[in-house]
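The report that follows describes how selected helices and strands are arranged in one protein model. Please keep the sequence and the structure in view while reading.

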Amino acid sequence: MRELSSPNTVADAIFGAVADHSRPRLTYYDEATGERTDLSAATLGNWAAKTANYLVDEIGVGAGDVVVVDLPEHWQTAGIVIGALWAGADVHLADADAAEAASEPRVVFTSRDRLDDHPDADEVVVASLDPFALPLRDLPPGVGDYGSVVRVHGDQFVSRSPAVEALDGMPTAEVVTEARTVAERDGIAAGTRVVSTRPWHTAPSVLAHLLAPLVAGGSLVHVANASAERVTAIADVEKAGVVLGTPSE
């Protein structure tokens with residue numbers, strides 16, 4: 001296992017932060033749909049590895065190539081973000097016009113309802129955001145379904161070279177250092193169960209609200225579309241040590 005002080009990739013920092021990969025690392029609740037999906041470190045790592053293998057082997061993404069992730073908070077989004085970072089891409093999170101700011105993206109990951117926002121992208125992959133990653137039907141020609149295109153790829157990945165750029169142009173070492181700083185500020189340590197409603201729609205927010213708990217060795221429970229009372233109840237059930245955000249955030 002690589003030393004946590006000098007990870008080659010963000011994925012090294014995340015998956016090297018825990019010894020037991022059978023325990024939950026990411027739990028996703030959507031109170032609007034009733035979804036609760038629990039991913040162990042091994043399962044999250046498999047989705048991230050499949051994503052990285054797809055990007056490198058099928059698309060030819062290399063270190064520093066831009067990958068845009070225009071998706072809401074979801075466990076599939078987490079797998080895509082970590083996998084794209086692992087592949088050495090320069091990952092841009094899309095809110096208002098982040099996709100336009102990203103120069104010539106090699107791939108855009110988005111949802112069906114946001115396809116019209118990316119008419120000129122060379123490669124577009126749609127995530128179903130289904131609890132079981134079931135495929136979408138009747139996508140436009142040339143648009144890939146995330147669950148389908150990555151499933152055929154291996155669930156282990158070895159980085160060919162350290163990432164030159166990782167998150168919105170921020171090098172890997174800075175991403176990991178900043179994630180650890182944010183986690184310490186928020187009281188997150190190894191083994192901390194974190195319940196959060198905080199968004200991931202920009203590079204700073206994905207670093208602070210997704211990557212920081214995972215890099216610190218904690219586990220994240222992201223809750224969407226819940227009342228304050230329901231968040232409190234979930235935090236109790238999940239035995240959360242830290243609760244971040246409010247339903248309005």
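Does K239 count as buried or exposed? At 69% relative accessibility, K239 counts as exposed, a value that, like every other in this report, is computed from a predicted model.

## Residues with positive phi

K239 is placed in the loop between helix 8 and strand 10 (242–244), and its phi is near 55°, a positive value in a residue other than glycine. As general background, most residues other than glycine have a negative phi.

N225 also has a positive phi, of about 60°, although it is not a glycine. This residue belongs to the loop between strand 9 (219–224) and helix 8 (228–237), and with a relative accessible area of 56% N225 is exposed.

## The parallel sheet

The model contains an open sheet of 5 strands, arranged in the order 4-3-5-6-7 with parallel pairing. Strand 4 (90–93) and strand 7 (143–145) form its edges and have a single partner strand each, so that one side of each is left without a neighbour in the sheet. From one strand to the next, the twist averages 25°.

Strand 5 (residues 107–110) can be followed through its pairing with two other strands. It runs parallel to strand 3 (residues 66–70), to which it is joined by 4 bridges; in this pairing V67 has V107 as its bridge partner, while the partner of V69 is F109. Strand 5 also pairs in the parallel sense with strand 6 (residues 124–126), over 3 bridges, and here V108 stands opposite V124 in strand 6. The side chains of strand 5 alternate in direction, with V107 and F109 pointing one way and V108 and T110 the other way, and all of these residues are buried.

## Helix 2 against the sheet and helix 3

Helix 2 packs on the sheet, where it touches strand 5 and strand 6, and its direction makes about 145° with that of strand 5.

Helix 2 (residues 41–59) also meets helix 3 (residues 75–86), the two axes coming within 7 Å and crossing at roughly 50°. The two helices are therefore oblique to each other, and their crossing is right-handed. On the side of helix 2 the contact is made by L44, G45, W47, A48, A49, T51, A52 and L55, and on the side of helix 3 by W75, A78, G79, I80, I82, G83, A84 and W86. Divided by class, the residues of this contact comprise 12 nonpolar, 4 polar and no charged residues.

## Helix 3 against helix 7

How do the axes of helix 3 and helix 7 cross, and within what distance do they come? The axes of helix 3 and helix 7 (residues 203–215) come within 12 Å and cross at roughly 80°, which means that helix 3 is roughly perpendicular to helix 7.

In this contact, A78, V81, I82 and L85 of helix 3 meet V206, L210, L211 and L214 of helix 7. The contact of helix 3 with helix 7 is made up of 8 nonpolar residues, with no polar and no charged residues. A78 and I82 appear in the contact of helix 3 with helix 2 and also in the contact of helix 3 with helix 7.

How values were computed. Residues are numbered from 1 along each chain as its sequence is written. This is a predicted model: local features need pLDDT of at least 70, side-chain atom pairs count only at pLDDT 80 or more; totals for chains, interfaces and linings use all residues. Side-chain values use heavy atoms; hydrogens and water are left out. Axes are lines fitted to C-alpha atoms, for helices over the stretch in contact, and angles run from 0 to 180 degrees between N-to-C directions. Angles under 35 degrees count as roughly parallel, over 145 as roughly antiparallel, 65 to 115 as roughly perpendicular and the rest as oblique. A crossing is left-handed if the near helix is turned anticlockwise from the far one by less than a right angle, and right-handed if clockwise. Contact means heavy atoms within 4.5 Å. Ala, Val, Leu, Ile, Met, Phe, Trp, Tyr, Cys and Pro count as nonpolar, Asp, Glu, Lys and Arg as charged, and the others, Gly among them, as polar. Buried means under 20% relative accessible area, exposed over 50%, partly exposed in between (1.4 Å probe, protein chains only). Two strands pair if DSSP finds at least two bridges between them.
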